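Biologist: I would like to go through this model with you. Please put it up, and I will ask as we go.

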Amino acid sequence: MTLDILISDKDLKEITEFVHKKRGLNLSYFKPAFLSRRIGVRMKILNMTSSSQYAQLLNSDLDEVGTLYDSLSINVTKFYRDKKVWQVFGNKIIPDLLKDSKISEKSRIWSCGCASGEEPYSLAIMFSEALDNPKNKIKIQATDINSHALQKARKGIYTADNLKNLDALLITKYFKKIDSTKYQVINEIKDLVSFNLADITTFPISYLDVIFCRNLLIYYGKEAQDLIFKKFYTVLKPKSYLVLGMDETLWGHKLQNSFLSLHPRDRIYQKKLPSENNLDSFSNKNQNAVISNYTTPTDRLSNFIEAK
Ligand SMILES: C[S@@+](CC[C@H](N)C(=O)[O-])C[C@H]1O[C@@H](n2cnc3c(N)ncnc32)[C@H](O)[C@@H]1O
């Protein structure tokens, strides 16, 4: 049995402030229990028992700041994770999107927290199956804060085991075999996706048709989740879609009434028209005014808090 290391509130605050100053990531938005666990894991690896000793190490060793930062980003993912959600998305949402979108306009999709790329590539493949000329009709932005995961995503190389949720025809059509165990996403699919190293809170994006934000918010406290939902509300077009992870929900959040819970079991939401919700005071105009003043990721979140 492994015993959890206790991190004192004082040390947690010190560590949080230090990483914020050095890396611009506001750790205080993570759930304290998650944060303490990850710091505890680093301390065990370094054979440390006192959190103040670890706080001191962070002060003198910038590499450790980077390692702690990376350890907070959990990159577990897979192609068509939670298959049922993807079935509903493919059968109900994509036809709806294609029906509504104007011929001249590309549908804009954001996979935020894309990890090693399986989620945006799943989207690219699904849209390619539904469209004759996907390059002219969709654009997928994929962002993550973990540079190692993004490096893998850009290469688009996966093992046969990684592809087990895809049927053989899709593998043949959208991947090229590069050796006995590895497959690479073909360029036509890669070209549909742009990867960016970016924090969800600061990535400049707007006028979206779909946001996939799956299995990321679970690591954040409720206050941070509220702020992120506000950003989603702002950057989605009316009637556009938000897809969360199975353990995530809008229920109980300030913006729950601003989205329709379209497929509750699959965590698929649709942004209501402004006239259908109670967000009159939260107009795009107000929001842009706040965004124009942002300088760091944390400023953006802090401004959201102050604006509440
Ligand atoms: C568990 S993975 C989920 C991957 C994929 N969305 C899925 O559901 O399979 C969570 C990803 O979110 C990223 N992440 C966490 N906080 C983020 C933030 N503030 N901005 C962008 N990405 C973030 C992590 O680096 C990690 O790669």
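Biologist: What span does H11 reach from its first C-alpha to its last?
Modeller: This is a predicted model, where local features need pLDDT of at least 70, side-chain atom pairs count only at pLDDT 80 or more, and totals for chains, interfaces and linings use all residues. Residues are numbered from 1 along each chain as its sequence is written. H11, a helix (a DSSP run of H or I, at least four residues, numbered from the N terminus), has 14 residues, and 20 Å is expected at 1.5 Å a residue, counting one less than its number of residues. The computed span is close to that, at 20 Å.

Biologist: How many residues of H11 are buried?
Modeller: Buried means 20 or more other C-beta atoms, placed from the backbone, within 10 Å of the residue's own; exposed means 12 or fewer, and partly exposed lies in between. Among the buried residues of H11 are Ala224, Leu227 and Phe232. H11 is mostly covered, and of its 14 residues the buried number is 11.

Biologist: Is tyrosine 219 buried or partly exposed, and why?
Modeller: Tyrosine 219 sits in the loop between strand S7 (208–213; strands are DSSP runs of E, at least two residues) and helix H11 (222–235). Its C-beta neighbours inside 10 Å number 18, so tyrosine 219 counts as partly exposed.

Biologist: Which residues does tyrosine 219 contact, leaving aside neighbours within four places in sequence?
Modeller: Contact requires C-beta atoms, placed from the backbone, within 7 Å. By that rule, the contacts of tyrosine 219 are Phe30, Lys31, Phe34 and Ile74.

Terms used:
Two residues are in contact if their C-beta atoms, placed from the backbone, lie within 7 Å.
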